[in-house]
Amino acid sequence: MDTLILLVITGLGLGALYFLVASGLSLIYGLMGVLNFAHGAFLTIAAFLGWEAGRRISDGTWTGLVISALVGILVGATVAVLTEVLIIRRLYERHIEQALVTVGISLAAVALFEGIWGTDPIYTDRPAWLTQTTEILGARIPNDRFVLIACAALVLGGIVLFLRKTRYGLIIRAGVENRHMVTALGIDVRRSFTLVFAIGGAAAGLGGVLASVYYGYVSAHLGSVLLIFAFIVTVIGGLGSLTGAAIASVLVAVLQQFANFYLGGTGDLVVVVLLAAVLLIRPRGLMGKAA
Amino acid sequence: MSGPVADEPILSVRNLYGRIAGQQVVEDVSFDVPATGVTALLGRNGVGKTSTIKSILGLIDRTGEIRLAGERIDRAPTHRIVQRGVAYVPEDREVFGSLTVAENLRLAERDRSPRRELVASLFPDLEARREQRAGTLSGGQQQMVSLARALVNENRLLLVDEPTKGLAPRIVDEVADALAEAARTAPILLVEQNLLVVRRLAERVVVLSSGRVVFTGSAAELLDDHDRVQRFLGVHDEREAA
């Protein structure tokens, strides 16, 4: 029983990380049809600069972690907006060029980060509580999992509130369904594109800082690893569906944990098999719109 | 927003060419839309009526000269053209199915004082369904939402594409009533296959064939000439096309 609880909560923590990356990917694809392979680079630069800011001000403390998170959010949003305004905006409706240029950005970014921070992981100091465990029904749960789950829940709640209660949220929801008709109502939908990139980049930035808490290090490849699973989550959840991304994040991460524990470390393989099954049986994903 | 001078057309289209995926769908089309009343854009299926409307709005690649009350709009993006007072009611409604009726209308509001009372008086059924998702409405109700989105703002021109397509006869009458009321507030360029509706609403017609204009004149002149109706529209009389 305690193993089950540990696997589920650890899976939820990992799922929270996946969701923070996948939420932006899903919104960006849903509104603009852009498969943004550069999203992992937003996460990595935010993780590095967040860590740099936190350790300089108050290393290994809650203050340092909060500063890391705030800087990570700001950096993620800024880099995402710059990418959209300077590069992606010129390539809307040109899907092959978008894929090529975002893949190029992601590769160049990893090389740049390795040049600045080196090729080896840099281990980070965290507040002492985050390195401890809490016992729940006999299972000793690492405390950082609770922080990850809480942050992802807050981000999910915040994005849902934004989408439901604001005019820009209304434009984004309508744009995900039919962006040409939004334009035909006299709305400059490109402003929403920039906003969605900012939201996605901010979530990825927070994800980058929290990933450094989860793994205990920052590295130039942090974003690349998480991006693969975030894409899998986005496809399984249904491209463009935030709710689908949230459900699929939990599903994939929990399944991964169980497979790793009970099937001899085959978590990644099982996730890929699940992706193949979803693509064969329900290509639009759990909650994606029908083609 | 300045209105057109007397006798100046609200919309002037000259040498319009439109392309979809590299294929020419509108070819050298020229016509005017007067500043009052309803002008019907007619033609057989597939002649380029919808593409002409989309070209005017910039929803597809186009070249040519398009003037709204004398001002060039052919280089403006779609949202700017709409902001200048050109409302669009698309073929197949294109309501946002996951949004409620109220959200569909709120999204369309671009004026500081949207005409909510006018919309409520024209479409009382929508008032009762404000919190219903538009995707769950009947075809007729979705058409009402689509029309209401256009009429909630003050417009200089309405572009209305096949508003009665696929609707039951009773709903067709309701849509025609709403369009007649809307025509009091702004001129309409109407694409319509139902010739009974055209006779009721339109003063003028522009007929397209193979992407080109082949007839312009009064609606009665065309509809009373069965040979022309047969030749241009491929039907024998109005009831057949209804």
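Visitor: Which residue in β5(B) is the bridge partner of B:Arg67?

Guide: The partner is B:Arg72 in β5(B). The model is predicted: local features need pLDDT of at least 70, side-chain atom pairs count only at pLDDT 80 or more, and totals for chains, interfaces and linings use all residues. Residues are numbered from 1 along each chain as its sequence is written, while chains are lettered from A and ligands numbered from 1 in the order in which they are written.

Visitor: What makes β4(B) and β5(B) a pair of strands?

Guide: A strand is a DSSP run of E of at least two residues, and a helix one of H or I of at least four, both numbered from the N terminus. Two strands pair if DSSP finds at least two bridges between them. β4(B) and β5 (residues 71-72) of chain B have two bridges, in the antiparallel sense, and therefore satisfy that criterion. Besides the bridge of B:Arg67 with B:Arg72, B:Leu68 has B:Glu71 as its partner in β5(B). The two strands form a hairpin with two residues between them, and B:Ala69 in the turn has a positive phi of about 50°.

Visitor: To which sheet does this hairpin belong, and what makes a strand an edge strand there?

Guide: The open sheet has four strands in the order β2-β1-β4-β5 (chain B), with antiparallel pairing. β2 (23-33) and β5 of chain B are its edge strands, since each pairs on one side only. Within the sheet, β1 (residues 11-20) and β4 (residues 61-68) of chain B share seven antiparallel bridges, and B:Tyr17 has B:Thr63 in β4(B) as its bridge partner.

Visitor: What angle does helix α1 of chain B make with β1(B), and what is that orientation called?

Guide: Helix α1 (residues 49-57) of chain B lies across β1, β2 and β4 of chain B, at about 105° to β1(B). Angles run from 0 to 180 degrees between N-to-C directions, with axes fitted to C-alpha atoms, for helices over the stretch in contact. Under 35 degrees counts as roughly parallel, over 145 as roughly antiparallel, 65 to 115 as roughly perpendicular and the rest as oblique. The helix is therefore roughly perpendicular to β1(B).

Visitor: What is the strand order of the six-stranded sheet in chain B, and which helix touches β3, β7 and β8?

Guide: This open sheet runs β6-β7-β8-β3-β9-β10 (chain B), with mixed pairing. Its edge strands are β6 (86-89) and β10 (212-218) of chain B. Helix α7 (residues 169-183) of chain B touches β3 (38-42), β7 and β8 (188-191), and its direction makes about 155° with that of β8(B). This value exceeds 145, so the two are roughly antiparallel.

Visitor: Why are α8(A) and α9(A) assigned to one orientation class rather than another?

Guide: The axes of α8 (residues 222-237) and α9 (residues 242-262) of chain A come within 8 Å and cross at roughly 120°. That angle lies in none of the named ranges, and the helices are therefore oblique to each other. Their contact residues divide into eight nonpolar, four polar and no charged; nonpolar means Ala, Val, Leu, Ile, Met, Phe, Trp, Tyr, Cys and Pro, charged means Asp, Glu, Lys and Arg, and the others, Gly among them, are polar.

Visitor: How many residues of chain B are in contact with chain A, and what makes a contact?

Guide: Contact requires C-beta atoms, placed from the backbone, to lie within 7 Å. By this criterion, 19 residues of chain B are in contact with 14 residues of chain A. The chain B side has nine nonpolar, five polar and five charged residues.
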